[in-house]
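Please read the following report with the structure open beside the text, and find each named part in the view as you reach it.

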Amino acid sequence: MSQAAAVVGVRPGAEEGRPLLDVRDLTIVYEPRQAPVVTAVRDVSFSLMPGEFVGLVGESGSGKSTVGYAITRLARPPARIAGGSILFDGRDVVELSHEQVRRQRHGGMAMVLQAGMNALNPVRRVRDHFIDIYRAHGHVPKEQWRSRSESLCQKVRLPLGVLDRYPGELSGGMRQRVSIALALSLEPRMMIFDEPTTALDVLVQHAVMETITDLQQQEGFTALLISHDLGVVLEATQRVMVMHEGRIVEDGPSREILERPQDEYTRMLLSHYADPRAEVVHLPGLESRAGGRRRVEEDRPDGPVLSVEDVSKTYPPPRRGEAQVQAVDHVSFRIGPGESVALVGQSGSGKSTLARMVTAVERPTSGTITFGDLRVDRLHSRGQRELHRQVQMVFQDPYAALNPLHTVEYVLTRPIVNFDREARGRVRERVHELLELVGLTPAEEYAARLPHELSGGQRQRVVVARALACRPTLLVADEPISMLDVSLRAGILALLEDLRHRLGVSLLYITHDLLSARMVTDWILVLHEGRVVEAGPTERVLRFPEDEYTIRLLDSIPNPRADHDEPAVDPPARA
């Protein structure tokens, strides 16, 4: 059975006026074999009424997902429920045996997990995932398997052709919709959504959340939305619970939480939201942005650092009989010394393909890419080594970007030994310099740590330090904050901005987050289906967009404070 459709059912028909779910004094601990016991959830109590849509918000490590796994009995050792009760329709889920949980899944509660790809079997077609559930529980006659699967796909707005596809052939948003359809297949009375939009671009995120809210209203199930994104939760839910360090620190109606937050932690989360269209944009830890700088290369006689001219990239048809894929379509841009340029667009717009071509991982089908005196589109192995000394990547996922078996010192030592001749005689000193440069002090302490001993923000700082180890001229940052909590994002953005000014390094910033693009870039290109649909100074493009696609991107941004932001103004007259 697919994890995406993990369901716990107890008893049909809740009594009117009684909570469907009642959690009381729940305490959960993690008991690893060779590490101290950690209390992840402390005395948590809340209840959900039938048909209610509630959000549970908190940063990584707050305990919110642990609560979700405990409610659905998906928690596994070293996690252990150390106290409290979880009553679903009056019966304590904690007391159920595994066999009782297995037999009573139909009509209970379902959990949609965070990563759509990880929740699906990559070697089985989508149709087979549904069949596995029907066969395991016997609630759908065999002659109805096909029609039932098609009906569920239609409910989550998926084309019927998806049933014959493998998960790897689907986009992130489509995989998440498949997970939702699988969870719906057992007609649950309660659904728990654990970070259903993490790492999805803003338009797909908006579409998935719209699907979830529409389904909740149509099907009438109780819903618990678990997320680190307070903006998404406030827009979708009727009530919000804020979780911090294993406790619920605030619980109230969504509008009240927005307008009159009581807890300091809630106020901190709200302070990290702003409208990129505002005249002045402020985020804690970052200098207020009232507009971008002029294009730097216009003031420099030595021209651009990177020049991309009329570049296209075409891939062969994914299947026989299908059309070839035009990933990038005649794109041109330049980056000057010390300048920051954003490539913005949803998944599939071509921005990451451009990054791979700029770093010579792939070659363009046509067009030219020039970095200094190097023709990147024609480089062979020796030339690629020189390019990689001067052009470095900051990757999206700080958890996957570092080898878990190597210390921070080892991670930073390799590029120094390979590329930095000046520092080969003082490698350890250079490692400490890099750690101090990215704000990880005392350097000696961080150098000895393994990745699992660092927070997400600290890991991303190590990734940045590694990229700086060979003294590059250009950093290519591919969605560097999309996997981080909201309070950590500003720190990474401030670091990139500070490094750009202190070291004079240029930045190609790839993102679907328009707010972060407003804060750290001078120039922006909006990509849609491989083409540049709008380009110009960051402030002008975001405050006064002209292309319909740019407007759609801006309108899809979750902004809980939208009603409190300044009204729009007419754009200035253009020469």
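## A salt bridge and two helix pairs

The side chains of K155 and E219 come together in a salt bridge, with a nitrogen-to-oxygen distance of 3.1 Å. The structure that shows this pair is a predicted model, and every value in this report is to be read with that in mind. The two partners are 64 residues apart, since K155 lies in helix α4 and E219 lies in helix α6, which covers residues 202-219, and the bridge thus links distant parts of the chain. How many salt bridges does a search of the whole structure find? The search finds 36.

Helix α4, which holds K155, also takes part in a helix pair. The axes of helix α3 (residues 126-137) and helix α4 (residues 145-155) come within 10 Å and cross at roughly 120 degrees. Because an angle of this kind falls outside the ranges that count as roughly parallel, antiparallel or perpendicular, α3 is described as oblique to α4. The crossing of these two helices, α3 and α4, is right-handed. On the side of α3 the contact is made by R127, F130, I131, Y134 and R135, and on the side of α4 by W145, R146, R148, S149 and L152. Sorted by class, the contact of α3 with α4 has 5 nonpolar residues, 1 polar residue and 4 charged residues.

A second pair is formed by helix α12 (residues 408-419) and helix α15 (residues 456-468), which pack at an angle of about 25 degrees, with their axes 8 Å apart. Are these two helices, α12 and α15, roughly parallel or roughly antiparallel? Angles under 35 degrees count as roughly parallel, and α12 is therefore roughly parallel to α15. The crossing of α12 and α15 is right-handed. Their contact is made by V408, V411, L412 and P415 of α12, together with V462, A465 and R466 of α15. The residues of this contact between α12 and α15 divide into 6 nonpolar, no polar and 1 charged.

## Two open sheets

One open sheet is formed by 4 strands in the order β3-β2-β5-β6, and the pairing in this sheet is antiparallel. The strands at its edges are β3 (38-48) and β6 (91-92), each of which pairs on one side only. Inside the sheet, 8 bridges join β2 to β5, and these two strands run antiparallel; I28 stands opposite I81 in β5. Strand β5 (residues 79-88) is also joined to β6 by 2 bridges, again with the strands running antiparallel, and here L87 stands opposite D92 in β6. Helix α1 (residues 64-71) packs on this sheet and touches β2 (21-30), β3 and β5, while its direction makes about 115 degrees with that of β2.

Another open sheet also has 4 strands, in the order β13-β12-β15-β16, with antiparallel pairing. Strands β13 and β16 (374-375) stand at the edges with a single partner strand each, so one side of each is left without a neighbour in the sheet. Strand β12 (residues 306-315) and strand β15 (residues 366-371) run antiparallel and are joined by 5 bridges, and E309 stands opposite T368 in β15. Helix α10 (residues 351-358) lies across β12, β13 and β15, running at about 115 degrees to β12.

## Backbone details

Several residues deserve a look at the level of the backbone. The table lists residues with a positive phi.

| Residue | Phi |
|---|---|
| D43 | near 50 degrees |
| D89 | near 55 degrees |
| H330 | about 55 degrees |

Of these, D43 is found in strand β3, and H330 has its place in strand β13, which covers residues 325-335. D89 belongs to the hairpin of β5 and β6, which has 2 residues between the strands.

Cis peptide bonds can also be looked up in the model. Where is P78 found? P78 is found in the loop between α1 and β5, and the cis peptide bond that joins P77 and P78 has an omega of about 15 degrees. The peptide bond from T441 to P442 is also cis, with omega near -5 degrees, and P442 has its place in the loop between α13 (427-437) and α14 (443-447).

Note on methods. Residues are numbered from 1 along each chain as its sequence is written. This is a predicted model: local features need pLDDT of at least 70, side-chain atom pairs count only at pLDDT 80 or more; totals for chains, interfaces and linings use all residues. Side-chain values use heavy atoms; hydrogens and water are left out. Axes are lines fitted to C-alpha atoms, for helices over the stretch in contact, and angles run from 0 to 180 degrees between N-to-C directions. Angles under 35 degrees count as roughly parallel, over 145 as roughly antiparallel, 65 to 115 as roughly perpendicular and the rest as oblique. A crossing is left-handed if the near helix is turned anticlockwise from the far one by less than a right angle, and right-handed if clockwise. Contact means heavy atoms within 4.5 Å. Ala, Val, Leu, Ile, Met, Phe, Trp, Tyr, Cys and Pro count as nonpolar, Asp, Glu, Lys and Arg as charged, and the others, Gly among them, as polar. Two strands pair if DSSP finds at least two bridges between them. A salt bridge is a side-chain nitrogen of Lys or Arg within 4 Å of a carboxyl oxygen of Asp or Glu.
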